[in-house]
Amino acid sequence: MTDAPSNPSGLTLSQRAMIAAQGPAPWLDDLNPAQRAAVEALDGPVLMLAGAGTGKTKALTARIAHLLRMGKARPNEILSVTFTNKAAREMKDRVGRLLGEVAEGMPWMGTFHSLSVKILRRHAELVGLRSNFTILDTDDQLRLLKQLVAASNIDDKRWPARMLAGMIDGWKNRALTPQKVPSSEAHAYAGKGTELYEQYQDRLKTLNAVDFGDLLLHCVTIFQAHPDVLAQYQRWFRYILVDEYQDTNIAQYLWLRLLAQAHHNICCVGDDDQSIYGWRGAEVGNILRFEKDFPGAKVIRLEQNYRSTPHILAAASGVIAVNAGRLGKTLWTEEQEGEKVRLIGHWDGEEEARWIGEEVESLQRGRAVGRFRLDDMAILVRASHQMRAFEDRFLTIGLPYRVIGGPRFYERQEIRDAMAYFRLAVSPDDDLAFERVVNLPKRGLGEKAQGDIQRFSRAAGVSLLEGAREMVARGLIGGKGGGQLRAFVDGVDRWHETTLNLEANHVELAEKILDESGYTAMWQADKTPEAPGRLDNLKELVKALEQFENLQGFLEHVALIMDNDTEEAIDKVSIMTLHAAKGLEFPVVFLPGWEDGLFPSQRSMDESGLKGLEEERRLAYVGITRAEVLCTISFAANRRVYGQWQSQLPSRFIDELPAAHVEVLTPPGLYGGGYGAAAPFAGTSFGSSLEDRVAKADVYNSPGWRRLQDRSSARPVSQPREARGTVIDITAASAYAVGDRVFHQKFGYGRVTGIEGDKLDIAFDKAGSKKVVAQFIVPAEQADDVPF
DNA sequence: ATGAACGCATTTTTT
DNA sequence: ATGCGTTCAT
């Protein structure tokens, strides 16, 4: 292992000399003074406070280049940590671009979790594991906990296993082993919280498995209990870089601090104003405390923003300034003017969706000359249920959209099921995998039969598969379940044997497994709207296998690496949560649903009070600062909340927007004056001046609007699109007749009740009657092979 | 063992 | 409203 502390190698001296000889450092050239300072402050602790859009990734990658260029460290002596695989990948790419193949030699660039796995596999025995331990996903984790809860006579109505999972995660986030949980929390979960936590950890050890939290926790435990091991890594990592430091939890903080203690060369990059993950254990305190934790730290602020127009920045700054206890930054830009942030109220959520849909289309067409691609536009919501109104509307008008951040590919049910089959084929004694698929598809093995297998196997001290095999042999499983269980066990045996055969093709094996198990057939027989998509996902899974040597290799990687970034070529508007939007930017951003209780979220305020409100405010800040040229905030006077209509008040964050940087638009229903969306404005401080503004707002004819369009024409634009809904679509619509059975990706099956131009009226079996563009419809009998 | 009927909660999400 | 998990009837 070339990257191991125990076996140092990396670049040879002559290679280093070659890099050093490459002359002036191009990576320093186009940095601004602050960025340059951050890059050149190589030694000692550095805190880089990087506001939104200030080029922190650029600074970070330049810093790595500089470290290498100055001969301060070899590529494998730099520890560089991110939160997501995506961020790690981007960093690798950018360093690679700066330095060529040297980036290949940076084995310690990755996520907290992937780096922890790497360390843990080397020292697994120190925490009672073998180095080939498996990493459980949250599904397995929960199943395990449920078993333990059931076994300990706890009323799982009052104390759901989910809750316990949350508590254990919380403890692990704080680097607390069962023994270290403070006594003040020992009474949690019916007084058995710590006890169950301990049992859970024991069970994991027996299974030679860890959950995500363990990856960090075990590392910290090892570092703390084995100074010799720690010292090795401390010596090895001459320089440490951390991205998104404001998102670190206590375990990650300890992990870093322990590793940094020898050289103190740690550079943390972050923005306290973008800390939005407190609810999952992130400690803003880590970044606020940095100078105390690392005495003599240099603090460098990146404040020049290269992303947004002055109005957008000013609006965001005005909101975030309300928060107390910030480290404080003032973003500025050299950009000129630009549009003010637009604010508009609507009668209800549907109208809001309709209006945004029209805006998107209008921006896409560019009205006069300029246009934005759909890819350049995003709708950022507080909670994912808000997405629905937009999806419904966009499907109806045929506006292509993509939802970012749904369940990840490998989190989908069908993928996890398939993976469980693969796991079983690779290691037949993977009990969790066995449990998951033994009765999937239905094999007549219900609770009773499965319980019998559990008890039998435990008594015999064998795996569930072995126990099942033995029970079948002895005829202990009754009726039709018995025969099917035998077939299942035989299947696993055959697959496992194929696994051992080095000649065998693992992609074919995977197909065979899904086929012979009846799993594929199960979804083919399923007529719900999701089934075709699931079959597609399975195909994609099998295809992904091609890039690996064998099933084992695939399973190894998949738990941590595989993500959902299928970059589609098709031009689409993005819909996502504010959380998912962090780190992204779009020329045009819509921020709907700014209503008190929804945003800021009532729950956040109830549970975390002022702290919660401030985190919500940071979320508002993140939202606004995603926008490059046009940011539109909106709210509705009425909204259906959990099926009940509720009247809403505009968000308090709207009051915090500096009025000088906001332009209030007239809601569509208001042109005649009178009844409409004006009502909700009353009573808010912003609202008092708002009625005047509403009267004179005719944004489409305003100079600002025209200026915006002029500028947008200078931006890269997509190839001119055909106006939609002409010849082709009418042909599509005319392919149907009233009474036809049809299928729609989202709404499922239905019957055509009317045809109108390129749109069809359809009575859906489940989703009710809707008017939908014909191009989104297929005849029901083709539903299985839709190329969606 | 399995499908239908009822009750209940319901932000945000990476690894 | 809706989905999910539990209970009830087949």
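What follows walks through a predicted model of a protein with DNA, starting at the DNA strands and moving on to a few spots inside the protein.

DNA strand B is the place to begin. Some 30 residues surround this strand, and the closest of them are Arg-382, Ser-384, Arg-408, Thr-577 and Arg-603. Of the atoms of DNA strand B that come within 4 Å of the protein, sugar and phosphate make up 57%. Sorted by class, the residues of the surface near strand B come out as 9 nonpolar, 12 polar and 9 charged. Two helices, α20 and α28 (602–624), each put at least two residues into that surface. Several phosphate oxygens of strand B can be paired with particular protein atoms. One lies 2.5 Å from an N or O atom in the side chain of Thr-577, a residue also listed among the closest to the strand. The side chain of Tyr-642 likewise has an N or O atom 3.1 Å from a phosphate oxygen of strand B. With Gly-446 it is the backbone that takes part, a polar backbone atom sitting 3.2 Å from a phosphate oxygen of the strand.

DNA strand C has its own set of neighbours: Lys-157, Arg-388, Tyr-642 and Gly-643 surround it. Tyr-642 thus turns up again, having already appeared with its side chain 3.1 Å from a phosphate oxygen of strand B. By class, the surface near strand C consists of 1 nonpolar, 1 polar and 2 charged residues. Sugar or phosphate accounts for 40% of the strand C atoms within 4 Å of the protein, and bases supply the rest. Arg-388 reaches the backbone of this strand, with a polar side-chain atom 3.4 Å from one of its phosphate oxygens.

Away from the DNA, helix α21 (residues 464–473) shows a one-sided pattern of burial. Its buried residues are Leu-464, Leu-465, Gly-467, Ala-468, Met-471 and Val-472. These residues lie on the same side of α21 because they cover an arc of only 160 degrees around the axis. The spacing fits the general rule: an α-helix has 3.6 residues a turn, so residues three or four places apart point the same way. What do the buried residues of α21 pack against? The partners are α19 (431–437), α20 (447–460) and α22 (479–500). Of these, α20 is also one of the helices that contribute to the surface near strand B. After α21 comes Gly-475, which has a positive phi, near 70 degrees.

Two other buried residues in helices are worth a look. Asp-140 belongs to helix α7 (residues 138–151), and its relative accessibility is 1%, so it counts as buried. Its side chain makes a polar contact of 3.0 Å with the side chain of Arg-423. Once neighbours within four places in sequence are set aside, Asp-140 is in contact with Arg-423 and Leu-432. Ala-38 sits in helix α3 (residues 33–40) and is buried too, at a relative accessible area of 0%. Leaving out residues up to four places away in sequence, Ala-38 touches Met-48, Arg-63 and Ile-300. Between the C-alpha atoms of Ala-38 and Gly-491 there are 59 Å in space and 453 residues along the chain.

On the cysteines, a search of the whole structure turns up 0 disulfides. For Cys-219, the nearest cysteine sulfur is that of Cys-268, 17 Å away. Cys-267 is in no disulfide either, although the sulfur of Cys-268 is its nearest at 6.8 Å. Cys-219 is buried at 0% relative accessibility, and Cys-267 is buried with a relative accessible area of 0%.

Finally, a few backbone oddities. Most residues other than glycine have a negative phi, and most peptide bonds are trans. The peptide bond from Leu-440 to Pro-441 is cis, its omega near 0 degrees, and Pro-441 falls in the loop between α19 and α20. A cis bond also runs from Phe-599 to Pro-600, with omega near 5 degrees; here Pro-600 is in the loop between β13 (586–591) and α28. As for positive phi outside glycine, Ala-175 has a value near 60 degrees. Ala-175 is in the loop between α8 (161–173) and α9 (193–206) and is buried, with a relative accessible area of 9%. Asn-208 has a positive phi near 55 degrees, lies in the loop between α9 and β5 (209–210), and is buried at a relative accessible area of 5%.

Key: Residues numbered from 1 in each chain as written. Chains lettered and ligands numbered in written order. Predicted model: local features only at pLDDT ≥ 70, side-chain atom pairs only at ≥ 80, totals over all residues. Heavy atoms only, no water. Buried < 20%, exposed > 50% of the residue type's maximum accessible area, 1.4 Å probe, protein only. Helix = DSSP H or I, 4+ residues; strand = E, 2+ residues; numbered from the N terminus. Arc of directions from axis to C-beta. Contact = heavy atoms within 4.5 Å. Near = heavy atom within 4 Å. Polar contact = N/O pair within 3.5 Å; in protein donor to acceptor, adjacent residues only side chain to side chain. Nonpolar A, V, L, I, M, F, W, Y, C, P; charged D, E, K, R; others polar. Disulfide = S-S within 2.5 Å.
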